[in-house]
Amino acid sequence: MSAPTFDLGTLHGGLRLPILKDESTARVIQHVPVPMQLVLPLAQHAGEPAHPVVTIGERVLKGQLIADADGTISAPVHASSSGKVVAIEQWPVSRRLGENAPCIVIECDGLDNAVPLSEPIVPFEQQSPDTLFQKILHGGIVGLGGAVFPTAQKLMEATTELLEHLIINGVECEPYISCDDMLMREHAMEIVVGAQILLHALQLDHCYVVVESDKPEAIHALADALTEVQDDRIVIKQIPTIYPSGAEDQVVQLVTRKEVPTGGLPLDVGCLVQNVGTAAAVYDWICKGEPLISRITTVTGDGVAAPMNVMARIGTTVADVVNFIGGYTERAKQLIIGGPMTGKSVSTDRVPLVKATNCILVLSETPPIGTEKPCIRCGDCAQVCPVLLLPQQLFWYACADNEAKLRAFGLTDCIECGCCDLVCPSHIPLTADFRIAKLRMRELEDEKARAERARERFESRTVRLEREKLLRSKELLEQKQKVRKAGPEAIQEILERSMSKDNSESEKDE
Amino acid sequence: MWIAVVTITAIALVAGLLLSFASRRLPPNDDNLVSKVNGLLPQTQCAQCGYPGCRPYAAAVVHDGVEINLCLPGGEDTVRRLASLLGRDIVPLETSAGKNMSDSVAFINEVLCIGCTHCISACPVDAIVGAHQFMHTVLAAECTGCELCLAPCPVDCIQIRLAA
């Protein structure tokens, strides 16, 4: 077992937020029974949505592939239980843009019959990395930390000379959320073996498991598991609890003391970050043959009767999950999918639990948001920004729609953590403004690219038309010269011939 | 002291002569400016400004001092950007009837199309494909929605639709 260390890089800014996790970690993980109905969105991952491979009315089994990956960055979706596909339709979901998304709706038969489990690949040490990548690709495994980037693609992109460390991210810095904490406490072995699989697939021999120091139970469980497997490639690293140190680039900065460059990936400083949940999912798929069809979610907040962590099938609606734990309290007012800082408020509990759902937060009242006042340029936001931006300046340029300046001041580096919102004494919704500005920037970029293409096409057409005109005039000139050279008699003859042709044609017409 | 005065005067004289020669004889770098102006235009090539395309209009703005408020699809935004680039005053758009075409594309009704190729030769960005007596179709990704293909169509089979 390795001694926990506190030897870390520094992170600018950040906030010490109230933790609020005690209630949900008081109970062990409860298993939500298979619901009557499962709603499985086709896009539960970053990249192209999967395309359905089942038809309406078809019977499906637990673990059966129902939508396959489409394109290079995509992930398949599996049925979470057995039943009948009743619809493939728009359904309310929780996502950044838009309210609805295409989903496969399955009416469960309650039997929970499974397809024959996919052949587990044991021992995984004897497999080639490529076999493992392909296997992971088909397991529908995506990054469970929140960004839901397809894991197989992330691994394949990272297999370069540059790669030095694998970082298993167990940092859960947002208030309320405790699903990774509970996973580490109860399934530490799976995480450790998952990490071993990833190390083998990446041909690496160094891995940090990063955990906040205020999770002693999780650290203990991981340490016990490590003692058991006797693997000295894996080291536990403790970090202090400061929001947002659990974000990918921030973890890398803390652990390796290297800053991920602007617009770059952790790979640029030799790191690959995977969430603890992802590692456990990899273990389940490789060693047990179970695709990603369930996950642990924290259901918490003062709007639910009994806050706890539950293991639920992907596709269970939030209503079913909340019912299972005893329903809402009378005070429940607001439903947030995700944490209080980066989550999204939704208007209905019909939304399904998806691969990305790490928290279902029900609050008794909307956090008081003061009325927005003008920016007084106090600079508090710049002090807490973990990526060293100047939010007050960005806000200025976002209002003025000054794209060049926004770019120069690094808007694209904003990780949308929400720290600046929280400290702003004028209650300016900075993160929301930045999100809009980013969207606008992307739109402008698209428009520019489009205009550029139109310009090129127009110019090449102009050149072509000119060339054709030149060619025609040259041909005409040549013909004229030929005739002129032949002399007046020849011209007379041609004229006569054309006259007679005209006459004969007009006679024919008559 | 006199030496210094004479030297400085001589240097100033030589530099002045050089500069005046350069400004008279060397060609002005207008093309660069035309390209810059052209870069600010929306490239719909719709010819609503009265010039056969965006670049010709840009050239007219730079060389002939034509007003900068003729680009309807570009709207007020383009006028503002042009004004700040050229150091001119912001003027209101020529008419308010202009519309943003970037979100519309032409669509050919395949049933009605007779394959006359008139629209193909009218399209400023070569976004219509087809051959004589064969059905034509629009490359939606390349179409700028300029509506120049509408007028020449003898059977009115082209519609302008919202881009998907």
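## Domains, sheets and helix packing in a predicted two-chain model

Strand β3 (residues 51–52) and strand β5 (residues 65–68), both of chain A, pair in the antiparallel sense over 2 bridges. The model described here is predicted. Within the pairing of β3(A) with β5(A), P52(A) has A67(A) as its bridge partner in β5(A). β5(A) also pairs with strand β6 (residues 77–78) of chain A, again in the antiparallel sense and over 2 bridges. In that pairing, L65(A) is placed opposite H78(A) of β6(A).

### Further strand pairings in chain A

Strand β7 (residues 83–92) of chain A runs antiparallel to strand β4 (residues 59–60) of chain A, and 2 bridges join them. Here V60(A) has G83(A) in β7(A) as its bridge partner. β7(A) is also paired with strand β8 (residues 100–108) of chain A, in the antiparallel sense, over 9 bridges. Within that ladder, I88(A) is bridged to I104(A) of β8(A).

The antiparallel pairings in chain A are set out below.

| Strand pair | Bridges | A bridge partner pair |
|---|---|---|
| β3(A) and β5(A) | 2 bridges | P52(A) and A67(A) |
| β5(A) and β6(A) | 2 bridges | L65(A) and H78(A) |
| β4(A) and β7(A) | 2 bridges | V60(A) and G83(A) |
| β7(A) and β8(A) | 9 bridges | I88(A) and I104(A) |
| β15(A) and β16(A) | 3 bridges | L335(A) and V346(A) |

### The mixed sheet of chain A

An open sheet of 6 strands is formed in chain A, with mixed pairing and the order β1-β14-β13-β17-β15-β16. Its edges are β1 (30–31) and β16 (344–346) of chain A; each has a single partner strand, so one side of each is left without a neighbour in the sheet. At the β16(A) edge, the partner is strand β15 (residues 334–337) of chain A, and the two pair in the antiparallel sense over 3 bridges. L335(A) finds its bridge partner in V346(A) of β16(A).

Helix α4 (residues 179–186) of chain A lies across three strands of chain A, namely β13 (294–300), β14 (308–313) and β17 (359–363). Relative to β13(A), α4(A) runs at about 125°.

### Helix packing in chain A

Helix α5 (residues 188–202) and helix α6 (residues 216–229) of chain A have axes that come within 8 Å and cross at roughly 55°. α5(A) and α6(A) are therefore oblique to each other, and their crossing is right-handed. On the α5(A) side the contact consists of A188(A), M189(A), I191(A) and V192(A), which meet A221(A), L222(A), D224(A), A225(A), L226(A) and V229(A) of α6(A). By class, the residues of this contact are 9 nonpolar, no polar and 1 charged.

### Helix packing in chain B

In chain B, the axes of helix α2 (residues 30–40) and helix α4 (residues 75–86) come within 9 Å, crossing at roughly 160°. α2(B) and α4(B) are therefore roughly antiparallel to each other. The crossing of these two helices of chain B is right-handed. From α2(B), the residues K36(B), V37(B) and L40(B) meet T78(B), R81(B), L82(B) and L85(B) of α4(B). The contact of α2(B) with α4(B) comprises 4 nonpolar, 1 polar and 2 charged residues.

### Domain arrangement

Chain A divides into domain 1 (22–324) and domain 2 (368–510). Between the C-alpha centres of these two domains of chain A the separation is 41 Å. Their contact draws 6 residues from domain 1 of chain A and 7 residues from domain 2 of chain A. The domain 1 side of this contact in chain A has 3 nonpolar, 3 polar and no charged residues.

Chain B likewise has a domain 1 (29–100) and a domain 2 (103–164). The C-alpha centres of these domains of chain B lie 26 Å apart. The contact between them takes 7 residues from domain 1 of chain B and 8 residues from domain 2 of chain B. On the domain 1 side in chain B, the residues in contact are 2 nonpolar, 5 polar and no charged.

### Contact between the chains

Chain A contributes 10 residues to its contact with chain B, and chain B contributes 14 residues. The chain A side that touches chain B has 3 nonpolar, no polar and 7 charged residues.

Methods:
Residues are numbered from 1 along each chain as its sequence is written. Chains are lettered from A and ligands numbered from 1 in the order in which they are written. This is a predicted model: local features need pLDDT of at least 70, side-chain atom pairs count only at pLDDT 80 or more; totals for chains, interfaces and linings use all residues. Two residues are in contact if their C-beta atoms, placed from the backbone, lie within 7 Å. Ala, Val, Leu, Ile, Met, Phe, Trp, Tyr, Cys and Pro count as nonpolar, Asp, Glu, Lys and Arg as charged, and the others, Gly among them, as polar. Axes are lines fitted to C-alpha atoms, for helices over the stretch in contact, and angles run from 0 to 180 degrees between N-to-C directions. Helices (H or I, at least four residues) and strands (E, at least two) are DSSP runs, numbered from the N terminus. Angles under 35 degrees count as roughly parallel, over 145 as roughly antiparallel, 65 to 115 as roughly perpendicular and the rest as oblique. A crossing is left-handed if the near helix is turned anticlockwise from the far one by less than a right angle, and right-handed if clockwise. Domain bounds come from an automatic or database domain assignment. Two strands pair if DSSP finds at least two bridges between them.
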